[in-house]
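Student: I should like a close look at a single part of this predicted model. Please describe one sheet, together with what surrounds it, in a connected account.

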Amino acid sequence: MWIAFKRIVRAGFVGFWRNAFVSLAAIFVMAVSLFVIGSTMMVDTLLGVSLENIQDKVDINVYFVTTAEQTDIDLLQTSLESLPDVEEVVFTSRADALDAFKERHSKNDTIMQGLEELGINPLGDSLSIRAKETSQYENIAAFLSEQQAVEDPQKPLIDEVNYIKNQEAINKLTGIIQAVESATFVIMIVLVAASILITFNTVRLTVYTTREEISVMRLVGASNMFIRGPFMLQGIMYGIAAGVLALLVLYPIVLWIGPETEQFFQFNLFNYFVSDFGYIFAVLVGTGVVMGVVSSLLAVSRYLRV
Amino acid sequence: MIYFDNVSKAYGNEAGAALDGVSFQVAPKEFVSIVGHSGAGKTTLLKMLIAEDRPTSGQVFFESLDIHQIPRTKLPKFRRKIGTVFQDFKLLPHKTAYENIAFAMEANGRTDDEIADNVPQALALVDLEDKIWNFPGELSGGEKQRVAIARAIVNQPDIIIADEPTGNLDPIATYEVVQILRKINDLGTTVIMTTHNKGVIDELGRRVITMDEGKIVRDDAEGKYVL
């Protein structure tokens with residue numbers, strides 16, 4: 001058993017070097033498809049992160065009327081905080097809101113002028129509510145509309161709840177991101193299928209050059225595993241080499257694009273590449289190895305038929 | 001040791017079958033020659049024996065084993081009991097005589113020590129000790145065939161099957177190859193050979209099976225080439 005294994009390994013290496021040119025071609029073809037897979041992984045991660053970011057921004061803002069009493073607001077805040085779905089409730093006073101508003105629009109003279117003419121602070125106090133899970137916002141919104149319903153219409157407390165508006169935008173964005181994700185998935189499938197075919201053909205070339213050897217091996221009673229082994233090993237070597245090559249190409253690209261993604265997505269792709277290198281390495285090299293072995297098995301099986 | 005029981009083989013829809021109800025048996029240590037015109041079914045017969053092809057009907061037994069019932073995964077093991085020699089030698093051109101023979105032993109899972117031991121012995125048996133490191137391209141036809149025979153016997157098979165082993169050889173090389181096959185037979189290995197060569201048959205004076213159009217037409221214990 002050990003002798004057979006040793007010989008298979010040796011024959012695999014010899015075959016790899018003897019067909020160096022074809023091996024190189026196979027490795028390049030596989031590296032291209034692995035690179036595409038790697039890039040898709042990167043894009044997917046970015047999309048995932050931005051989806052999370054957007055979902056993080058979901059909150060319910062309750063705006064109170066300007067005449068609202070602080071005690072009433074405090075009361076509502078405590079009752080909100082006692083809800084099991086609520087993560088946190090943040091109170092923003094009307095003065096703070098005005099400061100923030102002024103800062104945001106400091107360059108817009110018309111707005112600043114209008115504000116000056118108004119003389120009073122038109123903004124009310126507000127509470128911003130974060131739920132533990134995105135799906136729980138419905139419950140909180142329902143609770144708030146109940147509150148609104150029982151208010152004294154002469155002396156209203158809540159001016160506006162802006163949950164519904166946000167929700168539409170979020171749904172739209174989520175839809176877009178999911179569409180992009182499924183599109184990249186389809187593209188990836190097509191590319192992987194194409195590269196398996198090309199790899200298969202390339203490997204078949206190496207097998208073709210050794211078909212005589214295969215027929216002689218069969219005649220002298222070599223087991224199928226003994227014949228297949230070296231080609232499977234070659235497939236594994238193609239996969240590893242192609243995976244490493246794809247990573248080598250991916251590295252400078254991610255290094256270059258990292259700061260850009262930092263700005264745009266608040267997420268540094270390069271840091272992800274480095275911190276999750278083991279996972280990315282495993283996926284690319286693993287896919288390469290599987291592709292190589294499958295191609296080799298398909299190619300050899302032609303000559304193993306009795 | 002080998003029994004053909006009413007074996008027929010038809011390829012496609014051809015009118016004439018390649019083999020038509022062939023029955024015979026071969027005893028251990030026999031030297032059997034199969035003669036006949038091209039297309040008489042000689043090669044098909046040999047293919048049945050190494051399970052390279054399946055009969056349309058009938059059975060082929062090796063000892064008590066129905067060859068065509070052997071599961072695919074067990075076939076290599078069965079083939080190790082049979083050494084094969086072909087008209088076109090089937091040597092690997094990029095390997096030396098030594099490596100060609102060693103290759104057959106490696107495929108059988110023999111140890112390196114055994115290989116280092118047995119390959120020179122096999123080459124000695126075919127009188128080629130001095131060509132051990134030559135490539136097939138550097139050997140004459142007769143020498144190539146002798147290397148092929150050495151490869152066939154190195155795993156000590158029960159039977160040697162030789163399909164037109166002298167088909168490509170000049171008379172002297174033919175004589176040498178037949179002498180070697182006879183020597184192997186004398187050492188206790190069954191030999192089944194197909195040939196066209198009248199001189200070889202008449203010289204051998206062993207059992208001859210004559211085939212024509214897929215049928216056995218003669219089976220003589222000390223046959224001559226009659227066609």
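Tutor: What follows begins with the sheet of chain A, then turns to a residue beside it, to the helix contacts of that chain, and to chain B.

The model is a predicted one, which applies to every value below. The part in question is an open sheet of four strands in chain A, whose order is β2-β3-β1-β4 and whose pairing is antiparallel. The edges are taken by β2 (86–92) and β4 (158–161) of chain A; each has a single partner strand, so one side of each is left without a neighbour in the sheet. From one strand to the next, the twist averages 20°.

At the β4 edge, the pairing can be followed in detail. Strand β1 (residues 60–64) of chain A runs antiparallel to β4(A), and three bridges join the two. Within this pair, A:F64 lies opposite A:I158 of β4(A). Helix α3 (residues 70–81) of chain A packs on the sheet, where it touches β1, β2 and β3 (126–131) of chain A. The direction of α3 makes about 165° with that of β2(A).

One residue of this helix deserves separate attention. A:L80 belongs to helix α3 of chain A. It counts as buried because it has 20 C-beta neighbours inside 10 Å, and 20 is the number at which a residue is classed as buried. Apart from neighbours within four places in sequence, the contacts of A:L80 are A:V86, A:V89, A:L127 and A:I129. For A:I129, the separation is 49 residues in sequence, while the C-alpha atoms are 8.3 Å apart in space.

Elsewhere in chain A, helix α2 (residues 20–56) takes part in two helix contacts. Its axis and that of helix α9 (residues 224–265) of chain A come within 7 Å and cross at roughly 30°. The angle makes α2(A) roughly parallel to α9(A), and the crossing is right-handed. On the side of α2(A), the contact includes A:S23, A:A26, A:I27, A:M30 and A:L34; on the side of α9(A), it includes A:Y238, A:G239, A:A241 and A:F265. The residues of this contact comprise 18 nonpolar, six polar and no charged.

The second partner is helix α11 (residues 277–304) of chain A, whose axis comes within 10 Å of that of α2(A) and crosses at roughly 145°. This crossing, too, is right-handed. Here A:M30, A:L34, A:I37, A:G38 and A:M41 of α2(A) meet A:I280, A:V283, A:L284, A:T287, A:G288, A:M291 and A:G292 of α11(A). By class, the contact has eight nonpolar, four polar and no charged residues.

Chain A also meets chain B. The latter has seven helices and ten strands, and buried residues account for 45% of its 227 residues. Of the contacts in chain B between residues at least 6 apart in sequence, 66% join residues at least 24 apart. Between the chains, 17 residues of chain B are in contact with 15 residues of chain A. On the chain B side, the elements that give two or more residues are α2 (75–79) and α3 (97–107) of chain B. The largest share, four residues, comes from α2(B). By class, the side of chain B that touches chain A has six nonpolar, four polar and seven charged residues.

Key:
Residues numbered from 1 in each chain as written. Chains lettered and ligands numbered in written order. Predicted model: local features only at pLDDT ≥ 70, side-chain atom pairs only at ≥ 80, totals over all residues. Pairing = 2+ DSSP bridges. Axes fitted to C-alpha atoms, helices over the stretch in contact; angles between N-to-C directions. Contact = placed C-beta atoms within 7 Å. Buried ≥ 20, exposed ≤ 12 C-beta atoms within 10 Å, placed from the backbone. Left-handed = near helix turned anticlockwise from the far one by under 90°. Nonpolar A, V, L, I, M, F, W, Y, C, P; charged D, E, K, R; others polar. Parallel < 35°, antiparallel > 145°, perpendicular 65-115°, else oblique.
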